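Colleague: I would like to walk through this model with you, one question at a time, and hear the reasoning behind each answer.

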Amino acid sequence: MKVHEDWMKPSLKEAQKRTNQQAAIEKSLFNIPFEARNIGCGRKYFLRTYGCQANERDGETIAGILEELGFEQCHTPEEADFILLNTCAVRKNAEDKVLGELGSLKRLRKTNPDLLFGMCGCMAQEEEIVDTIIKKYPHVDLVFGTHNIHRLPILLYQAMMAREKTIEVYSKEGEVIENLPVKRFGTHKAWVNIMYGCDKFCTYCIVPYTRGKERSRTVEDILDEVRELKAEGFKEVTLLGQNVNSYGKDLQLAGGFAGLLEEVAKIGIPRIRFTTSHPWDFTDEMIDVIARYDNIMPFIHLPVQSGSNEILKIMGRRYTVEQYRTLFDKIVSKIPGVGFSTDIIVGFPNETDEQFQKTLELVDYCQFDNAFTFIYSPRAGTPAAAMADNVSLEVKQDRLNELMEHTNRYARLKNEAYAGRVVKVLVDGPSKKNERVYSGYTETNKLVNFTADQPIQPGDIVEVQITDVKTWSMDGEAIKSE
């Protein structure tokens with residue numbers, strides 16, 4: 001297929017560039033052109049989001065824009081006039097799933113000839129993927145990236161009314177664009193972006209290319225959003241960034257993330273979480289603030305990726321196992337009852353059996369409450385993709401299985417320590433398996449299913465006594481309030 005002269009395709013080479021110029025903070029970039037107003041009236045959209053919390057938060061903005069245009073959300077693709085897949089590029093299997101769904105959903109065009117298909121998110125930022133869409137998925141009408149969500153009204157108008165395939169993907173450092181519409185998918189938990197992008201450039205990771213440079217929102221814009229959420233009755237906010245610990249560095253903000261975290265805590269919203277933290281930037285001031293405020297939850301996601309210094313160096317992680325252990329011990333000593341989760345990759349290029357054993361040793365040392373474990377997945381355009389992938393799939397799978405045996409054992413062990421204890425649970429609602437049972441999460445992010453003799457509402461914070469534990473959840477009974 002001939003490439004349209006107006007198409008703006010992604011470039012990983014351009015996306016890699018970094019300057020010292022401070023990112024612009026735009027508060028008036030979003031507008032709906034006259035011709036695009038009400039283009040969604042009488043039409044329904046189906047949005048499916050893959051991947052991380054940043055994608056979920058992008059999905060809320062996309063939904064907000066679509067509903068400003070008059071679209072109504074539906075929950076099955078068969079009902080939709082516009083199907084949009086908001087994608088993740090972190091692992092190959094995530095990409096394969098999206099491409100498989102795009103192929104499968106093509107059948108709906110037979111019964112609805114005016115049906116529009118769109119793809120956005122991190123996959124749209126990859127040259128290879130966009131080329132594949134152009135060549136093999138001609139039914140896809142609209143492709144846009146992570147940097148131009150605010151352009152959705154005019155892009156959708158072009159695809160819908162002009163019936164032109166529209167591809168617009170910016171490959172740049174990016175801006176901070178405020179005042180975009182939002183449709184919150186939750187009623188008592190909310191995501192709050194504090195920054196965008198990443199400058200770490202771990203050798204295996206595509207995120208710095210798909211999300212741009214690290215750029216922070218202002219403290220006041222973040223605090224205003226949290227205040228608004230509190231006023232609307234939200235009970236928990238999660239502060240989001242690819243590396244929240246780097247917050248404020250680009251703005252030369254005194255206090256950085258620790259200062260922001262403290263100001264958010266002072267607002268008084270009942271629960272505050274944050275993700276993700278890079279061990280390299282985790283400061284003593286952060287630890288002290290978390291320990292000081294009861295509404296900052298004592299649960300930390302701290303990706304380690306490997307227990308081998310040699311592999312960490314090849315990964316470009318900027319810390320040693322010894323430094324990670326020192327940080328881990330410091331957090332445990334200062335924050336009572338703190339819980340941890342982590343990310344671990346097995347089968348990275350050149351990983352030996354001995355190096356993998358060092359990862360198991362680190363898991364035995366830290367005994368994480370939860371671990372997200374993965375087989376190494378090459379990402380085109382990253383430095384690691386140019387390395388010889390010299391660990392066989394069979395060996396990778398064996399290592400993953402052994403690692404999961406370790407992590408699952410410690411997850412169960414950590415849960416067993418809760419037996420008989422009373423914990424505070426933020427209620428999500430009835431359990432998916434039993435409507436007479438409620439479910440929610442403890443302060444340390446443990447899933448609890450519990451019964452109650454009194455009415456319980458989503459968003460309630462309830463004291464629950466733990467009666468039984470499993471590897472990934474706990475059972476309990478709500479304590480009657482006086």
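Modeller: Before we start, axes are lines fitted to C-alpha atoms, for helices over the stretch in contact, and angles run from 0 to 180 degrees between N-to-C directions. Please also keep in mind that this is a predicted model.

Colleague: Are helices H8 and H9 roughly parallel or roughly antiparallel to each other?

Modeller: Helix H8 covers residues 256-267 and helix H9 covers residues 284-292, and their axes lie 8 Å apart at an angle of about 15°. Angles under 35 degrees count as roughly parallel, whereas those over 145 count as roughly antiparallel. The angle therefore makes H8, with respect to H9, roughly parallel.

Colleague: How many charged residues are there in the contact of H8 with H9?

Modeller: On the H8 side we find Phe257, Ala258, Leu261 and Glu262, which meet Glu285, Met286, Val289, Ile290 and Arg292 in H9. Sorted by class, this contact has six nonpolar residues and no polar ones, and the number of charged residues is three.

Colleague: Which residue in S20 is the bridge partner of Leu426?

Modeller: A closed barrel of five strands with mixed pairing runs in the order S17-S18-S19-S21-S20. Within it, strand S17 (residues 422-430) and strand S20 (residues 461-469) pair in the antiparallel sense over five bridges. For Leu426, the bridge partner in S20 is Ile461.

Colleague: Is Thr442 buried or exposed?

Modeller: Thr442 sits in the loop between strand S18 (438-441) and strand S19 (447-451). Leaving aside residues up to four places away in sequence, Thr442 touches Arg271, Arg273, Val423, Lys424, Val425, Val448 and Met474. The relative accessible area of Thr442 is 2%, and because the cut-off for this class is under 20%, Thr442 counts as buried.

Colleague: Which strands are the edge strands of the sheet S14-S15-S16?

Modeller: This is an open sheet of three strands with parallel pairing, in the order S14-S15-S16. An edge strand here pairs on one side only, and that description fits strand S14 (299-301) and strand S16 (370-375).

Colleague: At about what angle to S16 does helix H13 run?

Modeller: Strand S15 (residues 339-346) pairs with S16 in the parallel sense over six bridges, and Ser341 stands opposite Asn370 in S16. Helix H13, which covers residues 393-416, lies across S15 and S16, and the angle at which H13 runs to S16 is about 175°.

Notes. Residues are numbered from 1 along each chain as its sequence is written. This is a predicted model: local features need pLDDT of at least 70, side-chain atom pairs count only at pLDDT 80 or more; totals for chains, interfaces and linings use all residues. Side-chain values use heavy atoms; hydrogens and water are left out. Helices (H or I, at least four residues) and strands (E, at least two) are DSSP runs, numbered from the N terminus. Angles under 35 degrees count as roughly parallel, over 145 as roughly antiparallel, 65 to 115 as roughly perpendicular and the rest as oblique. Contact means heavy atoms within 4.5 Å. Ala, Val, Leu, Ile, Met, Phe, Trp, Tyr, Cys and Pro count as nonpolar, Asp, Glu, Lys and Arg as charged, and the others, Gly among them, as polar. Two strands pair if DSSP finds at least two bridges between them. Buried means under 20% relative accessible area, exposed over 50%, partly exposed in between (1.4 Å probe, protein chains only).
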